[in-house]
Amino acid sequence: MIHKGSCHCGKVNFEVETDLEVIKQCNCSICVRKYAKMGMAKKEQLKITKGKDNLSLYQFGSNVAKHYFCKTCGVYTHHGRKSDPNGIGFNIGCLEGVNPFTIKSDILNNK
């Protein structure tokens, strides 16, 4: 299934092809602070459809993971995963018609 998503202000839009079977919450230092539930997919399953130039990149520590945020509203949309270079995590709170409060998530232990 293809899910459409966007940041809060709508300047960044994306599509991700996924079944939303794997939902995680990470316990690394940045993920604890943003407290987002993340879907997991392969890199090629997520496409930025609008606003790629409005994304800001944040990296820390080993600088392997790439965390992307809207430059305007600051919402985390997705990230390139440190533990899986071919994978991508995306914020399910950004998906149209998906209520993240009703979806169970497991902890992705990165400590």
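In this predicted model, the sulfur of Cys-70 finds its closest cysteine sulfur in Cys-7, at 3.7 Å, and this is too far for a bond. A disulfide calls for two cysteine sulfur atoms within 2.5 Å, so the pair formed by Cys-70 and Cys-7 does not qualify at 3.7 Å. Cys-94 tells a similar story: the closest cysteine sulfur is again that of Cys-7, here 7.3 Å away, which is too far for a bond as well. The count for the structure is accordingly 0 disulfides.

How buried or exposed are these cysteines? Cys-70 has a relative accessible area of 3% and is buried. Cys-94 also counts as buried, at 7% relative accessibility. Both values fall under the 20% that marks the limit for a buried residue.

Thr-77 offers another look at the interior. This residue sits in strand S8, and its relative accessibility is 0%, so it counts as buried. Along the sequence, 64 residues separate Thr-77 from Asn-13, yet in space their C-alpha atoms are 8.9 Å apart.

Attention now turns to the strands. An open sheet is built from 3 strands, arranged in the order S1-S2-S5 with antiparallel pairing. At its edges lie strand S1, covering residues 2-6, and strand S5, covering residues 46-50, and each of them pairs on one side only. On average, neighbouring strands of this sheet are turned by 25° against each other when direction is ignored. Strand S2, made of residues 13-17, joins S5 through 4 bridges in the antiparallel sense. Within this pairing, which residue of S5 stands opposite Phe-14? The partner is Ile-48.

Ile-48 appears once more in the lining of the second largest pocket. Empty space of this kind can be found by rolling a probe the size of a water molecule over the atoms. The second largest pocket has a volume of about 250 Å³. Its lining also includes Lys-43, Lys-52, Leu-55, Val-64 and Lys-66, together with Tyr-68, His-78, Gly-80, Arg-81, Pro-85 and Ile-88. Two elements give two or more residues to this lining, namely strand S7 (66-70) and strand S8 (76-80). Strand S8 is thus a familiar name, being the strand that holds the buried Thr-77. Sorted by class, the residues lining the second largest pocket are 6 nonpolar, 4 charged and 2 polar.

Conventions:
Residues are numbered from 1 along each chain as its sequence is written. This is a predicted model: local features need pLDDT of at least 70, side-chain atom pairs count only at pLDDT 80 or more; totals for chains, interfaces and linings use all residues. Side-chain values use heavy atoms; hydrogens and water are left out. Two strands pair if DSSP finds at least two bridges between them. Axes are lines fitted to C-alpha atoms, for helices over the stretch in contact, and angles run from 0 to 180 degrees between N-to-C directions. On a 1 Å grid over the protein atoms alone, a cavity is a set of points where a 1.4 Å probe fits but cannot get out, and a pocket is an open set with protein on both sides within 12 Å along at least five of seven lines; lining residues have an atom within 4 Å of a point. Grid points are joined across faces, edges and corners, and a volume is the space filled by probe spheres set on the points. Ala, Val, Leu, Ile, Met, Phe, Trp, Tyr, Cys and Pro count as nonpolar, Asp, Glu, Lys and Arg as charged, and the others, Gly among them, as polar. Buried means under 20% relative accessible area, exposed over 50%, partly exposed in between (1.4 Å probe, protein chains only).
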